[in-house]
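Work through the exercises below with the coordinates open. Each task is followed by a solution in steps.

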Amino acid sequence: MSKVILVTGAGRGLGTDIAREALAAGHQVVATGRRPGEVETTLGGPQDNLLVTKLDVTSIEEAEAAAQAAVDRFGRIDVLINNAGNFFAGYFEEIPPAQMRQQVETNLFGPMNVTRAILPVMRKQRAGHVITLSSLAGIIGQEFCVAYAASKFGIEGWMESLRYDVEPYNIHTTVVEPGFFRTELLVDGSTIWPEPTIDDYAERTTVTVAAWKSINGQQPGDPAKLARALLAVADQDKPLQRFVAGADAIEGVKAKAQELLAQAEASRELGSDLAYDDTNP
């Protein structure tokens, strides 16, 4: 069945693949990005089932305008795919506070802004589906990813809790945890690489930046296949609440689950008997 799907960050990378696959499947697509002219060109120009509109996800006003434009054009919004994001790489001490805040502003508050603008539409419809891209880095902390992981761990908690807010209105939520896909996340512009500023980190920073850059274009995951998988999730009667995407991500999440269970057991002796003893005040 044809749906109205709003995609953020549709001008490049995975967002472009999602919009293309959705159009090919016969859906009506609201493709958003900071440079709408480029988005429209990337998607092949004007189309009856395509609305391109400007959206910087850090702007509440632009999020509200995009939601209104979608309703004006197509009458409803069935699926929101929060895809837009970026990556501030580096060791914690070398990431300036302003960049740390910018990372969280884009990757966490950005999806919140767009979702806040669209939920009134979905509540009125008593139907909808919010899909938000997290990352394997939202489950597993990694070296050189402290800012990115902080923003994605935030996505995990927000989306897992949002589910309970919106379930009574027949609105579903799915948080997506991809592993390494051949998107444009690691290209300059999407990734902000650090400059070595602290001697203790300088050699590690230089080596790690080179290692990360060498990964670009070699990631095992196919973003077009991921886009089709996301549309399949959006078409489920009871959508997955958490979609772990990619064989590497599945193995990583399984290992993290086992690690958490082991840590819980290791905490049992010290952590179990911490309640008040009301019989011995």
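The radius of gyration is taken over C-alpha atoms, and the globule rule is 2.2 Å times the number of residues to the power 0.38. The model is predicted.

**Exercise 1.** Find out whether the radius of gyration of the chain agrees or disagrees with the globule rule.

Step 1. For 281 residues, the rule puts a compact globule near 19 Å.
Step 2. The chain has 20 Å, which agrees.
Step 3. For the extent along the principal axes, take the box filled by the C-alpha atoms, roughly 65 × 55 × 35 Å.
Step 4. Turn to the contacts: among those between residues at least 6 apart in sequence, 71% join residues at least 24 apart.

**Exercise 2.** Determine which strands the salt bridge between E177 and R242 ties together, and how each partner is exposed.

Step 1. The closest N and O atoms of E177 and R242 are 2.6 Å apart, and the cut-off for a salt bridge is 4 Å.
Step 2. E177 belongs to strand 7 (residues 171-178) and R242 to strand 9 (residues 242-245), so the bridge links parts that are 65 residues apart in sequence.
Step 3. Buried means under 20% relative accessible area; E177, with 0%, is therefore buried.
Step 4. R242 has 33% and counts as partly exposed.

**Exercise 3.** Classify the partners of the salt bridge between R268 and E265, then identify the network that shared partners create.

Step 1. In this pair the closest N and O atoms are 2.6 Å apart.
Step 2. R268, at 46% relative accessibility, is partly exposed, and E265, at 48%, is partly exposed.
Step 3. Through shared partners, salt bridges join E156, E160, E177 and R242 into one network.

Notes:
Residues numbered from 1 in each chain as written. Predicted model: local features only at pLDDT ≥ 70, side-chain atom pairs only at ≥ 80, totals over all residues. Heavy atoms only, no water. Contact = heavy atoms within 4.5 Å. Salt bridge = Lys/Arg side-chain N within 4 Å of Asp/Glu carboxyl O. Helix = DSSP H or I, 4+ residues; strand = E, 2+ residues; numbered from the N terminus. Buried < 20%, exposed > 50% of the residue type's maximum accessible area, 1.4 Å probe, protein only.
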